[in-house]
Structure formats: structure tokens, C-alpha cells
Amino acid sequence: MGSVGPSSVLLIILNVIHFILSLALTATAIWFFVEVQTITSLRNTNHYLLDYNVYWPQAIPWVFMLVGIIVLFVSCCGFVGAKKKSRGFIIIYATFEGIAILALIIAAIVALTCADSTSTDSFVKDAIWDVYSHSTTDTEIQQAFGNVEKRLQCCGAGGPRDYKSNRNEFPISCCDTYYHGWIGSYNIDCDFTNKLANERHGCAEVATNYVRVVIRVLAGASIFTAFVGIMNLIVAAALSIALKRKPRVQVTEMDSKKGLL
């Protein structure tokens, strides 16, 4: 009987942690999807009219978003069950928690075995190169690609040398580091002798590395969230056993008479 209270409190704490982790997982997956969509939306659409394939960098964010949302609802269910101390509710929660743990582990395995692969590298590199090629003939795409260069701190698709064949100097995005401090913006000399621009890697290489890192981070976060879910299952089982053993309050004839009076 004494273990019901501590088990209930512990289950509430673990479910709060589970909820926060799943919320972070979902938010990261959404951010990853937006970043990938930002790049792919700049490609030359004429090159992809007949391409109906869905590639792993486009699909894997949806996998983690779906799993994260499932865990969010399961965590809410566990929180309510622990607060009400209902054995039936705890059993239902444990069932769904087991499904959520399985989904988290499967998502991590899929990410590490399928998405974290050379096919992902090829997709990202092809996308960056297509955007760069498109930017040479479209000023709007050029400005958008410049924003990509600023965010990733890269220059060109394959490297700074990409600009030396069709420009008189590097674009400002190859030299701008966003670190203007309190003095505000100022003119930057970004000619072909600029050391910062010449030392930067190509956006295809940088974006590929970032995509790989994000996929591994999502997989690692998914595994850690599953580990917290396993602890939830253990505590839920202990709470369920404690609730089953909890003695019922016997109502005596004297108590009933007092209640009537």
C-alpha cells in the first residue's frame, strides 16, 4: 500500500520527461523537414517533373514526427493514469507505451540503416548542385542560395572556385559571417583574394555532413526516449501491482449506521 504513492509520483515525473523528449524530437523533425524543403523548393522544377520518388531526407522527418506525436499522446495518458491511480488506465497506458517504444526503436533503426547512407549524400549533393546551377540564371534563386551560403557558412556548390568562371568576385554571402556586432552592417570586400571565402567548403559537402549529423541526432534522441519509455513501463508495472494489492476499505455495520445518522 505504501508503494502506490511513490510509484505514482515517479511515473508522473518520468512521463513529464518523456513528454519533453518527444516534444523536442517532434520539433527537431519539423525543423529538419523545413530545412530540406527550403533547399528542394529552389531546384529547377523542369528537372523533376517526372521524378515521383520520395527520398530519405524527405521521408525521415515524417517518420520521427509521427513517432514523436504518438509518444506525446502516450505520455499524456500515463500522466493521467498516474494522477488518477487507476489500475485499468495504467494497463492501457502500458500497452500503448510498449507500442511507442517499439516505434521509437524502429524509427532509429530505419534512420541509421536506410537514411544515414550514400543515397542520402547523393540526393543532397544533387539538390545543391541543381540549385546552384539554377541560381546562375535566376536572380531570385541566387539571393535564396546566398541565404543558404550564409546559414551554412559555405561558398558555391563544390567550393569557391565555382564562381571564378562566371563572376568577377565572390558573392557577399561567401564572405558574410553574420557577426557584425553592435556596429551594424558594413560593406565587405569579397573579391577572389578574400581569405575567408577561399577557405570555405562547398555547400554540397557542408549540407551533406549536416544532414548526416541531424539524422544521427534524431536516431540517438529516439533511442534515449525509448529508454525512458522502458523505465516508464517498469514503474507502471510496479504501480499496477501495488494497486492490485491495495486492500479495500471494509465498511462495517457500525460505520454504515453512523453514516445514516
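# A helical chain and its largest pocket

The residues that line the largest pocket of this structure divide into 15 nonpolar, one polar and two charged. The structure is a predicted model, and every value given here was computed from that model. A walk through the structure can start at this pocket, then turn to the chain as a whole, and after that to helix pairs and single residues.

Empty space of this kind can be found by rolling a probe the size of a water molecule over the atoms, which shows where space is left. In this model the largest pocket holds about 340 Å³ of space. Which elements give two or more residues to its lining? They are α1, which covers residues 4-40, α4, which covers 118-135, α5, which covers 139-152, and α7, which covers 203-245. Among these contributors, α1 supplies the largest share, with six residues. The lining has 18 residues, and the ones that lie nearest the centre of the pocket are E35, L152, A207, Y210 and V211.

With the pocket located, the reader can step back to the whole chain. The chain contains eight helices and zero strands, and so, read along the sequence, its pattern is α-α-α-α-α-α-α-α. The chain is 261 residues long, and 41% of its residues count as buried.

How do such helices lie against one another? Two packed helices are described by the angle between their axes and by the distance between the axes. Helices α1 and α2, the second of which spans residues 56-84, pack at an angle of about 160 degrees, and their axes are 8 Å apart. An angle over 145 degrees counts as roughly antiparallel, and α1 and α2 are therefore roughly antiparallel to each other. In passing α2, α1 makes a left-handed crossing. The contact of α1 with α2 is made by residues that divide into 24 nonpolar, ten polar and one charged.

A second pair, α5 and α7, gives another example. The axes of α5 and α7 come within 11 Å and cross at roughly 60 degrees. Because this angle falls outside the ranges for roughly parallel, roughly perpendicular and roughly antiparallel, α5 and α7 are oblique to each other. The crossing of α5 and α7 is left-handed. Both α5 and α7 also appear in the list of elements that give two or more residues to the lining of the largest pocket.

The fold can also be followed through pairs of residues that are separated along the sequence, with the distance in space taken from C-alpha to C-alpha. L218 lies in helix α7 and is buried, with a relative accessible area of 1%. Its partner here is A29: L218 and A29 are 189 residues apart in sequence, while their C-alpha atoms are 7.5 Å apart in space. L104, which has its place in helix α3, is likewise buried, at a relative accessible area of 0%. Although L104 and I223 are 119 residues apart along the chain, their C-alpha atoms are separated by 6.5 Å.

Two further pairs involve residues that count as partly exposed. V34 belongs to helix α1, and with a relative accessible area of 41% V34 is partly exposed. V34 and Q58 are 24 residues apart in sequence and 9.7 Å apart in space, C-alpha to C-alpha. G158 is found in the loop between α5 and α6, and its relative accessible area of 27% makes G158 partly exposed. Between G158 and E205 there are 7.2 Å in space, C-alpha to C-alpha, for a separation of 47 residues in sequence.

The last stop is the backbone at two loop residues. Where in the chain is K85 found? K85 sits in the loop between α2 and α3, the latter covering residues 87-115. K85 has a positive phi of about 55 degrees although K85 is not a glycine, and with a relative accessible area of 38% K85 is partly exposed. Q153 has its place in the loop between α5 and α6, where α6 covers residues 195-199. The phi of Q153 is near 55 degrees, a positive value in a residue other than glycine. At 38% relative accessibility, Q153 counts as partly exposed.

Notes:
Residues are numbered from 1 along each chain as its sequence is written. This is a predicted model: local features need pLDDT of at least 70, side-chain atom pairs count only at pLDDT 80 or more; totals for chains, interfaces and linings use all residues. Side-chain values use heavy atoms; hydrogens and water are left out. On a 1 Å grid over the protein atoms alone, a cavity is a set of points where a 1.4 Å probe fits but cannot get out, and a pocket is an open set with protein on both sides within 12 Å along at least five of seven lines; lining residues have an atom within 4 Å of a point. Grid points are joined across faces, edges and corners, and a volume is the space filled by probe spheres set on the points. Helices (H or I, at least four residues) and strands (E, at least two) are DSSP runs, numbered from the N terminus. Ala, Val, Leu, Ile, Met, Phe, Trp, Tyr, Cys and Pro count as nonpolar, Asp, Glu, Lys and Arg as charged, and the others, Gly among them, as polar. Axes are lines fitted to C-alpha atoms, for helices over the stretch in contact, and angles run from 0 to 180 degrees between N-to-C directions. Angles under 35 degrees count as roughly parallel, over 145 as roughly antiparallel, 65 to 115 as roughly perpendicular and the rest as oblique. A crossing is left-handed if the near helix is turned anticlockwise from the far one by less than a right angle, and right-handed if clockwise. Buried means under 20% relative accessible area, exposed over 50%, partly exposed in between (1.4 Å probe, protein chains only).
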